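Good morning, and thank you for making time for this presentation. Please take a moment to look at the sequence and the structure before I begin.

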Amino acid sequence: MSHPAPADLLLTGARIHTVDPELPEAQALAVRDGRIVWVGPDAEAEEWAGPGTERIDAAGRLVLPGFIDAHNHVRLGSDDACVQLAGVRTLDAILDRIGAWKEANPDAGWIEAEAFDYSAIPGGRMPTAADLDPVTGDTPAIVLSYDVHTAWLNTAAMRRLGVAKDRTDLPFGTAATDPATGEPTGFVKDFAIKGLSRDGHRALRDLGVPWASPDRQYGRLAKSLDDAIGFGITTVVEPQNSLDDLELYDRARAEGRLRSRIVAALFHPRGTTEEDLDLFEAAARVHAGDRFRVGPLKLYIDDVVEPRTAALLEPYTGCGAHRGETFYPAEEFAELLARLDARGFQCFVHATGDRGIRTVLDAVEHARAVNGPRDARHQVVHVECLDPEDVPRFERLGVVACMQPRHCAPEIAGPGQDWAENVGEERWHKAWPMRSLSEAGAVLAFSSDWNVAEMDPMIGIYTALTRRPLAGGDPWQEEETVDVATAVYGYTMGSAYANFLEQDRGSLTVGKAADFVVLSRDILAVAPERIPGTVAEVVVVAGEVVHRAG
């Protein structure tokens, strides 16, 4: 038998879960020129060794394909310069933390905070400037919600940003008003749609909000990219970028911070023109590599359940006739999606409410009728509240369900939290129906939605398996849990397929990119509660060790 040319890298002593049904398990693999050239038993591995071969002895540990996080806002990230409000459960505690930061930073020109939880505001209402003013005084303050879909301003910030009774339609959002007086309250909706758009971000930057400056943006991106590779995420899908943002990735690559591969979707807000689409297509041609690819489009059909801005089929619990709005009338959205589909774009559509999701599925059905069926892999992103009638349509229409398992954790969305209370118990069976979709043949692409939730895939996988709180406790809607193999598939091949990467990534198969992770625990075998805390001990991208734990 002729000996193969030596491998650049040889992994042995592993329990390899390949996510490839042709060869589900192996002990060793060989890499040359960044690609897998052999997968098999330890007994045959030495044939691939040469004097220059780098060795990894997995010492019996589990090896998986590198995780593909199908919806991860690494560019938005988390910002150390902000007051951190994650996990703060009451309004008083939020104000205490902001007040303490102001005291420690008396000369700050702005107070910026992130990750406030809607459930912390008493009585199911939304926060106001009057809540903030006593602790912030004349220093302008902007507080972003944990989902970055809303912003909360004090009176000084409203003055600085030009929010007034006759100016509530802002470049960065829509100011809520007091029903009695018509005065803006300090709460701003539509921030994800307008504030994170190209024009909205420029407006915030020009108005002097430090959070929107390019250097602060780059700092968030670089930190998030470091976190991603540390978690074994070898491909990140960044779902919402403007053309202005692409240079941030070029800078990260030049500075050696871009160790994960990136797929960047471009934001298509209302008002996007045919000329804009020409520019998007040009950007996709320029950025078409396996390390950094631009191409899909991000759209919104509705907003979010917590502030009651997602579109529901029936009214919100206790809200009279209010059932939320779609950002486009259904017919207009169907025509828009058909036009984008005809140009060959793949669309990622944010949809959380059952009416929002149905509107997207109807639009895909219309596009297929008008243009003929094609392998478009349009995605419904989030799929939080899905009517059972629409479950089989995902597989039938070739639509991917891009879901974030952590979002359905009881301490985030369950009984007593705004999501569950707004939807009402009679609709809880619609909440994140992962098992129903999987059993109906839909492709599940799993993701974190960082920084809305933790980036660590171990937390997402644990929640998909248990639907229990991270600290333990009772499950919520346990009938929609999935098994561990399904969860791992969602974070690997499911997300690869969702992004037209299944020929190159998602499984450990000869010919594919050598992207893999050696884990500290065998998450396929341990009790689910031991999955969180599992560490990516070695992370390999294109056959190169890019991270070692510790």
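I shall speak about a pair of helices, then some backbone details, then several individual residues, and finally the cysteines.

Please keep in mind throughout that this is a predicted model.

Let me begin with helix H15, which covers residues 457-466. Is this helix mostly covered or mostly exposed? H15 is mostly covered, since ten of its ten residues are buried. Among the buried residues of H15 are Pro-457, Met-458, Ile-459, Tyr-462 and Thr-466. Against which elements do these buried residues pack? Several strands take part, namely S8 (67-69), S16 (233-241), S22 (444-446) and S23 (516-519). The buried residues of H15 also pack against two helices, H14 (434-439) and H16.

I should like to examine the packing with H16 more carefully. H16 spans residues 484-491, and its axis lies 9 Å from that of H15. The angle between the two helices is about 140°. Angles over 145 degrees would count as roughly antiparallel, and H15 and H16 are therefore oblique to each other. The crossing in which H15 passes H16 is right-handed. On the side of H15, the contact is made by Pro-457, Gly-460, Ile-461, Ala-464 and Leu-465. On the side of H16, Val-484, Ala-487, Val-488 and Tyr-491 take part. What is the character of the residues in this contact of H15 with H16? Eight are nonpolar, one is polar and none is charged. As a general remark, an α-helix has 3.6 residues a turn, so residues three or four places apart point the same way.

I now turn to the backbone, and to the loop between S22 and H15. Asp-449 is located in this loop. Although Asp-449 is not a glycine, its phi is positive, at about 60°. Asp-449 is also buried, with a relative accessible area of 5%. Asn-451 lies in the loop between S22 and H15 as well. The peptide bond that joins Trp-450 and Asn-451 is cis, with omega about 5°.

Where else should we look for a positive phi in a residue that is not a glycine? Arg-377 has one, of about 55°. Arg-377 sits in the loop between helix H10 (354-371) and strand S20 (379-382). The relative accessible area of Arg-377 is 5%, and this residue is buried.

Next, I shall consider three individual residues, beginning with Asp-245. This residue is placed in the loop between S16 and helix H7 (246-254). Asp-245 is buried, with a relative accessible area of 7%. Beyond residues up to four places away in sequence, Asp-245 touches Arg-75 and Gln-217. The C-alpha atom of Asp-245 is separated by 23 Å from that of Lys-189, which is 56 residues away along the chain.

Lys-189 appears again in connection with Thr-309, as the two residues are in contact. Thr-309 belongs to the loop between strand S18 (292-300) and helix H9 (330-342). With a relative accessible area of 14%, Thr-309 is buried. Leaving aside neighbours within four places in sequence, the other contacts of Thr-309 are Asp-302, Asp-303, Val-304, Tyr-316 and Glu-325.

The third residue is Asp-418, in helix H13 (residues 418-423). Is Asp-418 buried or exposed? At 14% relative accessibility, Asp-418 counts as buried. Which residues does Asp-418 touch, not counting those up to four places away in sequence? They are Tyr-118, Ser-119 and Glu-306. Asp-418 and Gly-124 are 294 residues apart along the chain, and their C-alpha atoms are separated by 7.3 Å.

Finally, I come to the cysteines. A disulfide is a covalent bond between the sulfur atoms of two cysteines. To count as one here, the two sulfur atoms must be within 2.5 Å. How many disulfides does this rule give? The count comes to zero. Cys-319 is in no disulfide, and the nearest cysteine sulfur, that of Cys-385, is 14 Å away. Cys-319 is partly exposed, with a relative accessible area of 23%. Cys-408 is likewise in no disulfide, and its nearest cysteine sulfur, that of Cys-385, is 13 Å away. Cys-408 is buried, at 0% relative accessibility.

That concludes my presentation, and I thank you for your attention.

Notes. Residues numbered from 1 in each chain as written. Predicted model: local features only at pLDDT ≥ 70, side-chain atom pairs only at ≥ 80, totals over all residues. Heavy atoms only, no water. Buried < 20%, exposed > 50% of the residue type's maximum accessible area, 1.4 Å probe, protein only. Axes fitted to C-alpha atoms, helices over the stretch in contact; angles between N-to-C directions. Helix = DSSP H or I, 4+ residues; strand = E, 2+ residues; numbered from the N terminus. Parallel < 35°, antiparallel > 145°, perpendicular 65-115°, else oblique. Left-handed = near helix turned anticlockwise from the far one by under 90°. Contact = heavy atoms within 4.5 Å. Nonpolar A, V, L, I, M, F, W, Y, C, P; charged D, E, K, R; others polar.
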